[in-house]
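Reader: I'm new to reading protein models. Could you walk me through one, feature by feature?

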Amino acid sequence: MAKILWQRTVVRDGWHNAFTDLCLWRGIYWLTFRRGSAHVSPDGGIVIMRSVDLQRWQQVAFLKTIGDDRDPKFCPTADRLYVYFGTWLPRPEGWPDERFGPLVTHVSFSEDGAQWSRPKPAYIQNYWLWRVRYQDGTFYSPAYGWSDPREKHKSFLDLLISKDGVEWEKKCRIGGPAYQPCEADIWFQSDGEIWCIARSTRKPDHSLFYSSRPPYRRWKCIDLKVTIHCPVFCQTEGKLYVAGRRRIDAPWKPQSSPAGNTSIFIVKKGQVEPFLALPTYGDAAYPGLISPEPEQLVISYYSQHAYLSGAVCGRSPHSSDIYVARISVE
């Protein structure tokens with residue numbers, strides 16, 4: 001049974017605060033998100049905060065490059081805490097995409113959480129290392145890219161690997177442009193099999209479930225028949241969960257709180273089932289998900305529901321807030 005134990009507003013300052021991630025590293029909770037004036041804007045930068053109790057938060061870093069920095073994701077290891085984020089660079093003269101410039105994934109890391117390295121490009125241009133996982137001494141990322149900047153919808157998904165989290169190489173292709181995979185996360189099963197859930201930009205935009213066994217050269221694909229944007233995995237007490245953004249007009253299970261567009265599903269091989277949808281609306285979701293205690297999940301996300309409901313007067317139509325909630329999954 002799912003139950004929201006509490007929900008707290010972490011950031012409410014009138015900015016467009018969005019695209020979150022969350023991790024527990026060295027006994028401290030770490031939260032990251034993008035702050036900008038709108039969903040897409042050149043002033044977008046990466047905020048990193050920390051807390052010992054999930055109640056009091058302190059900003060420890062603000063990372064900014066020359067472009068629109070967005071969608072940060074943590075990857076903790078014993079020695080370092082890494083953060084990866086995409087950057088839309090300023091559009092060069094003659095660039096074929098009339099709206100966006102080139103896309104570069106940046107990586108920054110810290111050995112103490114206070115001092116962060118200067119962001120450095122990872123892999124190659126027009127590749128998005130959407131989420132990075134560390135497994136048995138190796139970094140893995142389901143990264144999506146495109147060959148033509150004018151046709152980002154013709155995206156493909158590759159599995160990249162790295163020994164240091166900074167220099168990357170391609171291991172294999174997970175899925176090709178036919179299914180248009182993009183935002184994705186992976187999870188290693190106890191027997192070594194990798195499960196992957198990826199957003200798709202095709203119509204209907206049903207998400208995709210990929211699986212592969214070592215050496216991860218061949219991947220099976222299943223249409224999940226449900227939309228899950230910005231997926232993030234988390235396991236607790238033997239159950240695997242995935243959180244992301246759902247279609248608010250899609251069917252959902254009855255629950256005591258309003259079912260908004262930020263959702264959590266239980267994952268089984270090749271299928272997902274609804275578990276809980278948080279009361280979020282408007283420009284929302286892009287969660288982080290961890291399990292600091294058995295049978296409990298802590299989720300970070302953003303939402304505009306306070307402004308859309310009239311409970312809070314926003315400084316602009318783009319205002320959105322950062323939230324953290326603790327959920328019982330008993």
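**Reading one residue in its place**

Author: Let's begin with Ile 322, which lies in strand β25, residues 321-328. Keep in mind that this is a predicted model.

Reader: Okay. Is Ile 322 buried or exposed?

Author: For that, look at relative accessibility, where buried means under 20%. Ile 322 has 0%, so this residue counts as buried.

Reader: And which residues does Ile 322 touch?

Author: Skip residues up to four places away in sequence, and then look at what is left. For Ile 322 the list includes Arg 8, Val 10, Leu 31, Phe 33, Tyr 301 and Tyr 302. You can also check a distance across the chain: Ile 322 and Arg 131 are 191 residues apart along it, and their C-alpha atoms are separated by 20 Å.

Reader: Leu 31 and Phe 33 were on that list. What about the strand with residues 28-36?

Author: That's β3, and this strand is mostly covered, with eight of its nine residues buried. Now ask about its partners. β3 pairs with β2 (residues 16-25) in the antiparallel sense, over eight bridges, and Asp 21 stands opposite Thr 32 there. Seven bridges also join β3 to β4 (residues 45-51), again antiparallel, with Arg 35 and Gly 45 as bridge partners.

Reader: How many residues lie between β2 and β3 in their hairpin?

Author: Two, and Arg 26 in that turn has a positive phi of about 55 degrees. There's another hairpin to look at, made by β19 and β20. Two residues lie between those strands as well, and Glu 237 takes a positive phi near 50 degrees. Six bridges join β19 to β20 (residues 239-245), and the two run antiparallel. One of the pairings puts Gln 235 with Leu 240 in β20.

Reader: Why is β19 described as largely enclosed by the rest of the structure?

Author: Count the buried residues. Seven of the eight residues of β19 (229-236) are buried, so the strand is largely enclosed.

Reader: What is the strand order in the open sheet of four strands?

Author: To read a sheet, list the strands in order across it. Here that gives β15-β16-β17-β18, with antiparallel pairing. β15 (181-188) and β18 (220-223) stand at the edges with a single partner strand each, so one side of each has no neighbour in the sheet. On average, neighbouring strands are turned by 20 degrees against each other, direction ignored. Between β16 (residues 194-200) and β17 (residues 208-212) there are five bridges, and Ile 194 stands opposite Ser 212 in β17.

Reader: How many disulfides does a search of the whole structure find?

Author: Zero. Take Cys 196 as a case. The closest cysteine sulfur is in Cys 221, 9.2 Å away, and that is too far for a bond, because a disulfide needs the sulfur atoms within 2.5 Å. Surroundings vary too: Cys 196 is buried at 0% relative accessibility, whereas Cys 313 is exposed at 75%.

Reader: What should I look for when people talk about a core?

Author: In soluble globular proteins, nonpolar side chains tend to be buried together. In this model the largest nonpolar core has 43 residues, and those with the most contacts inside it are Trp 57, Leu 157, Leu 159, Tyr 210 and Trp 219. Its largest share, four residues, comes from β15. Apart from that core lies another, of 18 residues, among them Phe 275, Leu 289, Leu 297 and Val 329.

Reader: Which residues does Leu 157 touch?

Author: Among them are Pro 142, Tyr 144, Ile 174, Cys 196, Ala 198 and Tyr 210, leaving out residues up to four places away in sequence.

Reader: Can we finish with polar contacts?

Author: Sure. Look for nitrogen or oxygen atoms that pair up. His 106, in strand β8 (residues 103-110), is buried at 7% relative accessible area, and a polar contact of 2.9 Å joins its side chain to that of Thr 87. Then there's Trp 116, in the loop between β8 and β9. Trp 116 is buried too, at 15%, and its side chain reaches the backbone oxygen of Gly 113 at 3.1 Å. Its contacts farther along the sequence include Ile 48, Leu 63, Phe 74 and Phe 109.

Methods
Residues numbered from 1 in each chain as written. Predicted model: local features only at pLDDT ≥ 70, side-chain atom pairs only at ≥ 80, totals over all residues. Heavy atoms only, no water. Buried < 20%, exposed > 50% of the residue type's maximum accessible area, 1.4 Å probe, protein only. Polar contact = N/O pair within 3.5 Å; in protein donor to acceptor, adjacent residues only side chain to side chain. Pairing = 2+ DSSP bridges. Axes fitted to C-alpha atoms, helices over the stretch in contact; angles between N-to-C directions. Core = buried A, V, L, I, M, F, W, Y, C linked by side-chain atoms within 4.5 Å. Contact = heavy atoms within 4.5 Å.
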